[in-house]
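Me: Please take a close look at the backbone of one part of this model. I should like a connected account of the unusual peptide geometry and of the helix that deserves attention there.

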Amino acid sequence: MMESIVRKRNTIGIIVTVLVIIIWLIWTLTPLLIMALSSIKTRREAFATPEIGDWLGVFNIFRFKPTTRHYKTLFSGAGFATYIWHGIVASISSAVIAITLGTLGAYGLSRGKIKQEDNLSFWIISTRMAPIVVVIVPLYYIFRKLGILQTIPGLIIAYTTFNLPFAMWLIKGFFDDVPIEIEEAAFVDGDTHWAVFRKVALPLVAPGIVASFVLCVLLSWNDFLFAAIIGGGPAKTVPVGITELQTAVEVRWGPINAAIIILVIPMIFLGVLIRKYLVQGLTMGAVRE
Amino acid sequence: MSSEKMSRRKFLEKTGLAALSGGLLYAVGGSIAKPKFGFAGGQKEKEVIKKQGGGDVWRQYAGTKLIFMSENTPPSSAIKAYSKEFYDLTGMEIDVQQDVLSTVQEKVGIDLKGGTTGYDLNYAQDKPMNTMFADYWVDLHEFINDDTLPQDPEGYGQDVWGYRWLDVTGYFYNRDRLVSLPYDNAVCVMFYRKDLFEKYSNQFEKEYGYPLEYTDDTTWKNVMDFAKFFNNPKIKEVEYGIGFQGLEGWAGQLDFQRPLFSHGQWEEWSFDDPFIGTRNPGPCHWGDDQSVETLKHMQDLYALGHPESLSWNWSGVNTAFQTGKVAMCPNYGEFAATVEDPDQSIAAGGKTGYGMDPKGEPSWIVNGGKAVNGTNYGIGGIAINGNLSKDLQRASYIFAVWATSAKLQKRVLVELGGTPTRMSVLTDPEVVKGMKRPTKMPNALTYPATLKGVIPPHVVPGPKIPKWNEYSVIQCIELSKCMAKKQGPEETAKILKKKLDQMHGV
Amino acid sequence: MVIPVKILGQFRGDNTTYYNQQSFRKEIALVTNNGRELSVLHKKKFIFSFYGWMLIPAVILLLVITVYPFFWMIVMSLFKVAVRPGARNEFVGFQNYVNLVKDHLWVKGWGIQAKYVSMSLTLEFILGFAIALFLNRLRKGANVLTTVFLFPMMVAPVAVGFLYLYLFNASFGWYYWVLRSLGILKKGSILGDLHWALAGLVIADVWEWTPFMALILLAGLKKVPLDQLEAAKCDGAGSIRRFIDVVLPNMVPIIVIGVLIRFMDIMRYIDKIFVMTTGGPAGVTKTISYYLFDVAFHFFELGRGAAIGFVLLLITLGLAIAFVNILKKKGVQR
């Protein structure tokens with residue numbers, strides 16, 4: 001059975017591969033499992049680590065009475081359902097805007113005949129390198145004048161500041177990989193520019209676009225600083241809600257653990273759903289400067 | 001290759017400059033360079049209904065919506081819960097927004113300094129926020145004496161509040177402007193495991209020659225002995241004797257200040273009136289004999305404490321105390337509620353005692369000053385955004401009056417575990433009863449120690465200087481290095497003198 | 001459309017060459033010259049061409065939302081922000097920049113930033129590559145495993161901060177318990193220790209982002225042309241030789257992307273530091289980006305903060321450009 005899993009028929013190689021995979025699996029999943037378990041324990045149980053060196057005591061982690069009270073706290077008191085909704089709306093909207101404009105722009109950049117194409121491409125991604133802290137203050141004042149502070153549209157625009165350059169940069173690379181000759185052939189055959197784009201180029205980079213979309217949603221959903229300063233109040237998102245659980249009097253670990261689980265699950269769900277496109281999409285993209 | 005590199009840079013610059021027009025620069029300069037003070041609320045979209053003639057002074061601004069930007073403390077959660085009552089009383093809606101203190105600082109700062117009116121009322125934490133923002137808040141003097149506004153029956157005199165707490169949170173650098181009304185208090189006391197003190201008292205007395213008890217006269221040297229004693233691995237109930245809160249920032253600043261002040265009432269700067277503070281205090285006292293002497297002993301003290309202390313703030317050390325990792329810790333009164341909660345804490349149910357902060361050890365005092373129980377605190381207030389229109393300021397004042405009233409403070413204390421600032425509440429018979437076990441108000445258990453600690457000669461309210469935030473960062477970093485034995489006391493004192501004087505430009 | 005369909009089919013499925021150019025070239029030899037420069041698609045001047053119109057909306061939006069902050073930053077760095085209302089901001093020219101050199105925390109911040117970035121990126125790269133190599137050898141289950149390995153990447157940085165704050169805590173943290181029980185950590189603390197605090201941050205960062213590197217590198221591995229590998233094997237090259245001479249050069253472009261993205265983000269994000277250590281203890285985790293946060297939002301000296309931010313941006317850009325250029329030299333041009 002082992003041999004059919006691994007390509008090379010080399011016993012040591014097989015053992016090493018399986019060992020490495022198992023170790024990495026443990027390393028990856030342990031924190032999440034501990035959090036998940038802690039989120040259904042009372043605080044005292046969650047804090048009950050065994051004595052130093054008491055290895056058998058590890059099984060204490062399973063000795064508890066499950067309770068859903070932390071989840072109840074989140075949804076009744078802290079209004080987490082609203083935060084989740086805000087996060088979903090803002091991240092998906094921003095990703096849609098970024099991908100739409102980004103795809104168009106990337107296509108124009110990739111296919112267009114510009115002298116300074118490399119530099120323009122680099123400028124676009126360099127806008128994403130600015131320190132967040134410094135970008136937030138002027139954005140705050142602009143948004144204030146426009147009256148979109150603490151609103152969902154404000155969040156969407158704030159997220160787009162980093163999603164748009166990222167999407168454009170990634171997708172341009174995907175377009176670069178599609179040989180222009182294919183489009184030329186279609187054009188010669190009588191299609192308009194737009195039809196060439198829609199029927200020939202777009203389908204070829206579709207997996208890459210999906211991958212970029214998922215990444216944009218991920219980055220927006222997980223963002224903290226923008227949501228804290230420019231959002232907040234009626235436009236709070238889950239990451240901000242989690243830091244709120246660190247009150248002046250105590251760090252409410254129970255609800256925090258529960259909140260982290262809530263935060264992670266939609267993204268994992270999304271990842272599983274789009275898994276095929278994620279890997280395929282990133283596999284397609286490659287060369288760019 | 002290098003020419004390619006240059007062309008990239010050049011292109012970046014060219015693109016940037018090309019895109020910029022003079023107007024953009026002017027726009028930038030204009031919106032930031034002139035924070036408007038007293039700007040008549042043109043940016044506010046909310047409608048403020050003009051004063052309604054006759055009748056109820058409380059309802060004169062009915063229909064207004066106010067926003068209160070606060071830290072997520074129990075009192076502000078309570079006010080959020082009672083906001084319907086406020087609406088019934090005044091016809092005004094109050095939106096209490098809560099955040100972590102540093103986020104509150106950021107948002108309030110951007111709002112005030114930019115001349116905007118995003119938050120009508122701010123939570124005014126005496127040192128981290130008020131030292132920076134005092135000038136941007138409304139002077140409440142004119143409202144206090146205004147008959148057309150509802151006023152608190154007790155008035156706002158000094159003696160109505162805890163000892164000079166009105167000065168601490170309301171007056172900055174002068175007595176001209178009153179910028180906030182005291183709203184909650186967090187006074188430091190010593191939490192200790194009374195049950196363990198009783199259990200091991202014989203053993204301790206045999207080893208150290210005096211009783212194992214915590215009194216008002218317990219000195220920092222006694223605390224070191226206690227810590228050494230409990231660090232003994234044979235004592236299984238706790239891992240370490242004492243925990244501290246050296247986290248960089250406010251927790252650390254207050255924590256290090258206590259032993260420093262206890263010995264000869266040493267402070268970093270001299271103030272004419274430490275309860276008022278001053279804008280530029282001049283050269284600091286770091287490097288004088290007392291400071292170095294105290295640091296030497298503090299090094300030994302912190303070395304005995306729990307090793308994670310340097311990264312703890314009040315909730316970190318509280319968790320350690322709750323889970324039996326430390327036998328003692330200096331912490332703030334409101335944590336008594338969580339310590340006495342059996343669901344979270346193994347130190348609940350009468351096992352914990354609360355005492356004054358430790359006294360200075362006389363043999364460690366070299367400057368001829370007194371040995372005192374160095375106590376410090378954070379007194380939070382409610383302040384009003386100075387960029388608001390006059391009517392909105394008045395409407396906000398109505399909220400401030402309601403939120404700091406004695407009735408509300410008592411309710412919050414009894415129902416949710418608040419931290420009242422009015423003497424009438426602190427000396428209320430029901431509250432006095434609650435100061436002894438069994439009690440329904442765990443926070444009140446700390447009041448006997450609190451009330452003794454907040455008056456001279458024990459209390460150190462400052463340093464109230466405009467650059468408080470930067471000072472606390474610099475000081476915590478150097479003192480942490482010293483406590484971790486990475487830096488000697490003399491060297492630390494020298495570095496601090498240089499940096500703090502550089503900060504003030506002296 | 002016979003020819004394009006055949007080409008598309010070959011393009012999608014095949015891993016080696018893209019398509020057969022001969023028959024295709026004959027067809028449009030009349031119209032194209034060198035391929036891109038004089039493509040039949042480029043009839044009009046760029047700005048008015050189809051491509052110009054496609055590009056303009058994105059560029060306009062980008063200009064609006066990024067150029068203003070950029071210039072605010074530059075202008076602000078030349079001022080000292082007023083500390084009292086009614087006072088004007090004071091123009092100080094380059095004073096803010098000059099003062100940075102004397103600012104001990106700023107100098108130290110760069111050292112810590114360098115340590116943090118280099119440790120994290122190196123570990124993420126090496127571990128990511130190893131995982132990618134091992135995943136590449138699997139025939140069955142690679143997809144499922146890859147998805148599971150990607151979980152850490154899906155967790156918000158703030159949440160990862162809380163996660164590791166919980167795990168490293170001396171009062172109740174399981175990782176702390178393991179390290180103490182194994183004897184690696186003696187009587188101490190992780191996040192409170194002057195030496196371990198930065199290591200704790202690096203561990204959290206490595207946990208969160210190694211999967212991302214692994215994914216990118218796995219994609220790169222799959223694109224290495226099999227014919228080149230076969231050729232090298234026939235030439236008698238051992239697996240290590242093959243790795244250095246064939247695999248690595250072909251993967252350079254994708255390595256650039258992966259490292260560049262991580263580098264950009266690790267220089268910008270302070271979420272984990274904010275939650276786990278707030279720059280302490282004793283300032284050992286106060287990277288330059290966190291120091292910027294302190295100056296701007298705790299001391300409220302926006303002028304000084306803008307200066308720090310601008311220098312940070314320049315250095316990030318410079319390093320990125322240098323990195324891309326160096327690797328371009330070593331890569332294989334397709």
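Reply: Helices are DSSP runs of type H or I with at least four residues, and they are numbered from the N terminus. The model is predicted, and the account below follows chain B.

Helix 14 of chain B covers residues 314-322, and 9 of its 9 residues are buried, so this helix is largely enclosed by the rest of the structure. Among the buried residues are B:Trp314, B:Val317, B:Asn318, B:Phe321 and B:Gln322. They pack against helix 3 (43-46) of chain A and, within chain B, against strand 4 (180-193), helix 12 (250-262), strand 6 (326-332), helix 15 (336-339) and strand 7 (352-355). Just after this helix, B:Gly324 adopts a positive phi of about 75 degrees.

Further along the chain come two cis peptide bonds. One joins B:Arg437 to B:Pro438, with omega about -10 degrees, and B:Pro438 lies in the loop between helix 19 (429-434) and helix 20 (447-453) of chain B. The other runs from B:Pro456 to B:Pro457, with omega near 5 degrees; B:Pro457 belongs to the loop between helix 20 and helix 21 (468-483).

The loop between helix 21 and helix 22 (489-504) of chain B holds B:Lys485. This residue is not a glycine, yet its phi is positive, at about 60 degrees. Its relative accessibility is 49%, and therefore B:Lys485 counts as partly exposed, since exposed requires over 50% and buried under 20%.

Methods. Residues are numbered from 1 along each chain as its sequence is written. Chains are lettered from A and ligands numbered from 1 in the order in which they are written. This is a predicted model: local features need pLDDT of at least 70, side-chain atom pairs count only at pLDDT 80 or more; totals for chains, interfaces and linings use all residues. Side-chain values use heavy atoms; hydrogens and water are left out. Helices (H or I, at least four residues) and strands (E, at least two) are DSSP runs, numbered from the N terminus. Buried means under 20% relative accessible area, exposed over 50%, partly exposed in between (1.4 Å probe, protein chains only). Contact means heavy atoms within 4.5 Å.
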